[in-house]
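This briefing takes up a single protein chain, moving from one surface residue to the chain as a whole and then to a polar side chain. Please read it alongside the sequence and the coordinates.

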Amino acid sequence: YLKISKLALAFAIIRSKPPGKSCREYTEHLAKTVSEQDFGWKSKVEALESEVLRLRQELLLNKICPRFCLENNASAETLLDQERINPMSYSSQLEDSGCDVSNDYAFDSLGITSDFHQSEHNVSASKHWLERVLPLNLCSASKEESLTAPLQFLQHLLEIRKLSEGGSLQADFTELENDSFTICNSVSQLLDGLTVFYNSPKFPVSNFLTEAVHVLISLITDTKLSNHVLKKCFKKLEEFKKNLIQIILRNSSVNRFQALHAVSHMLVLLGRNNTLRNSLISLLLLEVRQFAEQLLQGHQIQAKCDIIRYENIFSLCMILEQLLQNETEESNVSSSDYDGEEKIKFLNNLDQIILHLSDEFPLFSLFLWRVNVLLNSAQIQ
């Protein structure tokens, strides 16, 4: 049947071929025309899906808090408008080697202060922020503007949470249980947008992307909303962490160090959540262990070392060390949370690996030893 169909199509093309064109040229012209039509339909479908999601977001917000309304906020100034009018000019974020990271500023290269647990805004300030709306542009090709809908929704969700806690609004967050699709898709879009940025970051970072990171971290640290987000978006967050780790390991750009600091800081922020921290530690232990074993095998057969991967692995080691230090400092968290398979595999034959690599790779061996000490000290505590 397939052969007959192909033969019939060939005859149709030959018979309808205009004069002056070969069959090949006419076939390519027809294929291009069909593909353009498909692309147009796909664009329309994506725009309609975005509009449906925006309407579902607005409906969910109104179910959570009936007093919530966006009608009078359409003319509010947006972060994107501010970005176009007042572009940032951070002198320490120029596209150089990224080596100028004094005062740990590179870890703040997304404009994020190290302390996310500042005192909450007062009610009037919260109301003012609630009025700041990022209108959705369905036809926008900008990476930042494609995030306006999920960012707007999640921003308002956080502000309703703050206002309800202050007693200014009455909100019913049990509605989040009844509409997992909306919050899952909103968080997924936000994570996808951040992944695109971290894959090819541009410095200085726009205020819009900085706000996206703030919103994500606020969601997973908020005592009331984090359970809803983690329960419905845990797999997506796990995928996001894996993507960030691979971005660190694969980055071979000469001027990559500032970008690596930004990604590392994002992973450390995610690790502040106890649920995400345990799985993140397991992922980091896996990558560091596999690299150490590969390095040992290569050293034994005198194989050439992958210098780029060797340099990048130190970022993972520093993240792992910081997370383990935070773990041991928090007395309310059980050290047995990550006494799992990855920890056992990591500690197995670690002394032998350090012994064989210490002469050729002293710095990496030192990091392995420090991680070993932190793991054992947590177990002793």
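Why does Leu366 count as partly exposed, rather than as buried or exposed? In this predicted model, Leu366 has a relative accessible area of 40%, and it is classed as partly exposed because that value lies between the limits of under 20% for buried and over 50% for exposed.

**Leu366 and its surroundings**
- Leu366 belongs to helix H15, the element that covers residues 362–380.
- On the surface, Leu366 is one of the residues of a nonpolar patch that also includes Leu363, Trp369 and Val373, and together the four residues offer about 370 Å² of accessible area.

**The chain as a whole**
- The secondary structure of the protein chain consists of 15 helices, with zero strands.
- The protein chain has 381 residues, of which 43% count as buried.
- Its accessible surface amounts to about 21100 Å², and carbon and sulfur atoms contribute 53% of that area.
- Among the contacts in the protein chain with a separation of 6 or more, 80% are between residues 24 or more positions apart.

**Asn278 in helix H11**
- Asn278 is located in helix H11, which spans residues 274–300.
- With a relative accessibility of 18%, Asn278 counts as buried, because the class is defined as under 20% relative accessible area.
- A polar atom of the Asn278 side chain lies 3.2 Å from the backbone oxygen of Asn274.

How values were computed. Residues numbered from 1 in each chain as written. Predicted model: local features only at pLDDT ≥ 70, side-chain atom pairs only at ≥ 80, totals over all residues. Heavy atoms only, no water. Patch = residues over 30% accessible without salt bridge, like charges linked within 9 Å, V, L, I, M, F, W, Y side chains within 5 Å. Areas by Shrake-Rupley, 256 points an atom, 1.4 Å probe, with all protein chains shown as cover. Salt bridge = Lys/Arg side-chain N within 4 Å of Asp/Glu carboxyl O. Helix = DSSP H or I, 4+ residues; strand = E, 2+ residues; numbered from the N terminus. Buried < 20%, exposed > 50% of the residue type's maximum accessible area, 1.4 Å probe, protein only. Contact = heavy atoms within 4.5 Å. Polar contact = N/O pair within 3.5 Å; in protein donor to acceptor, adjacent residues only side chain to side chain.
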